[in-house]
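Here is a short briefing on model confidence and backbone geometry. Read it alongside the sequence and the coordinates.

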Amino acid sequence: MADPNHGRPGSPPSLSSSSLEEMLAVRNDLIKQKVDLERRILDMDIRLNSWAPINQLPNELLVQIFRNVQQLAVKEELYEHNKTIVAWYPLLGVCRAWHSLACGTPILWRRFGVCVCMHIDLFRLFLERSGTASLNVSFVAVRSIMPFLEKLKQPLSRLHTISFTILAPSQAKPLSRFLRRNNVPMLERLEVTFGRYDSTETVFAWFEGDDDSDESDEDEDDHKDYLEDGDSLFFFAPQEGQFPHLKEIILRNIALAPLPFMASSLLILDLTNCLTNLCPLVRFLRFLAGCRSLLHLRLQRYNFPESNDRELRRISLSPTLITLSIGDIATYAARLLNLLDVPATATVTVTKLPYYGIVDDRLGECLPEDRTGLPLLRRLTSLEVDYHDFEGAYSFHAWAGPERFSLTDALGATPDILEVLLEVFGDSPLLDIKLIDCHGNQILSADSDDWSCTLDLFRTLKRLVVLSHDTWSGPQTGRALFKALRLVQESGPTLLCPDLQELAITVPPDCDDVALASMVATFKTRALFGHRLHRIRLGICEVDSVRKAHHPGVFAPRNEWYINALSSFVDVVECGCDCDWLRMHHGRFWDQAIEVVTV
């Protein structure tokens, strides 16, 4: 039968089976040529890329660059709970060589964090690509940790550090079972913290959508019971040999069993927010006495059941101790410090924290009456008192060389600063005192007798700084300080602080003749008694920074008035804006030049 399309315009030609086979053969040959050309082009691209300077770096250096980028990404995104910590992933897509190098380098996959949205398959990928490398794993705000803990059971022998932070209390049971039932022979660091908190009190984050957890059938009130009843979320009591290399323990809302076999290897111990009834204080003290390699100790609201004080004996902390941090209400902090002999070379931080149902105490009551266990207090030579607007806290920082003693009131209350100086630092041979931006009547209303009592204890004082926008605005002005500095002592013809060489103080822009006369009388009297000041810095308070920037000479007449009046009795007179000085804290105030307003 004839083909009906034969001879029509545009109709395909008739093909025989032999011609079809020939065309298929030609097509297959062209495909092979295309594949070969693509391979050759790729080879040529690789050769061309190899001439780029970045591709001439050795793989070891590239891996180090990748690690640096990875660490920065982890630090930036660790607490972005709605993100997975893979910000360094774009490195894998730069080129094939980088992708192969990164995927084939286990050390890049040994450290990773698990956040809210990390999928279990990605977690498994990290474990696979880490090969045989040691693992550093962190869990942040994970709603259900059980699936991840199951995947961790196989590589437990490679686990080097593990942390669980900002967990909901519903995760306490599965985590407790995991820690109780598994041996982790290479683990050196363990961190477990529940809930969000700030520097002053515990604030739990009750995660929404947590109902899918197997352990979420408890009420919110049940989760808070341990705060009122003295119960921890669970008791961490490892068996001997279970964590033989554990060096760092950081626990919040968890009670620790102070087992003797853990003491020898422990370097860092950080226990926070736990009212434990399971461990008496006398047992915990014996444990601390056995920690002879301890470097850092931090106890924040870690309280113990009442015990017979006759059973308690003062213990000596390890001479290797670098830092000691105690945070609690004043009564508990003083009780614990009274039982510790702290090395004189250790930095000590004491923070007064609020507590439920506890009446507020004075800041000085955070320290025991017997302070022989705190030899650092008798070596302090420099003191700085600072007010932190953001935290609403007053801090007293004192130094003896590199060692520091800090006392902070985190209640947001205003302590009597001069009272704290007397009560806490009265035995310290202070050479330098700075009162930086202190507010409140504790400085403003101090009269000359208050200043006299304070300065009389610090006879070796050489430098004194009192900077505040309010220094001259209270009912009692800074003239009380000047009056105290020129009072003749009853014990003999001498003045307070005979070694005082440098003084910095805030003055108002509209300082009157009476205030200036008070300054002149003070420095003239000190010069007559042979105690002439070397330098005085006067900071003009309440200066509009914009006005000052556009009119740098606006206070020139006022500064010239000060300089002419005081230069006969002081070697160096400097005038400037005290706002510039408030940023010059410990070790920088007297060494850096101020932004002097031109006279």
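The protein averages a pLDDT of 78 (the predictor's confidence in each residue, from 0 to 100). A score of at least 70 is reached by 74% of the residues. This is a predicted model: local features need pLDDT of at least 70, side-chain atom pairs count only at pLDDT 80 or more, and totals for chains, interfaces and linings use all residues. Residues are numbered from 1 along each chain as its sequence is written, and side-chain values use heavy atoms, with hydrogens and water left out.

**Confidence**

- Strand 14 (residues 340–341) has the highest confidence, at a mean of 95. Strand 6 (residues 202–203) has the lowest, at 34. Strands are DSSP runs (E, at least two residues) and helices likewise (H or I, at least four), numbered from the N terminus.
- Over residues 197–230 the pLDDT is below 50. The model still gives this stretch 72 contacts (heavy atoms within 4.5 Å) beyond near neighbours in sequence.
- Residues 76–84 stay under 50 as well. Their contacts beyond four places in sequence number 24.
- Where pLDDT is low, the predicted coordinates should not be read in detail.

**Positive phi**

- Most residues other than glycine have a negative phi.
- R301 has a positive phi, near 50°. R301 belongs to strand 11 (residues 296–303). R301 counts as buried (under 20% relative accessible area, 1.4 Å probe, protein chains only; exposed is over 50%, partly exposed in between) because its relative accessibility is 7%.
- C497 also has a positive phi, near 50°. C497 lies in the loop between helix 15 (479–485) and strand 21 (502–507). At 2% relative accessibility, C497 is buried.
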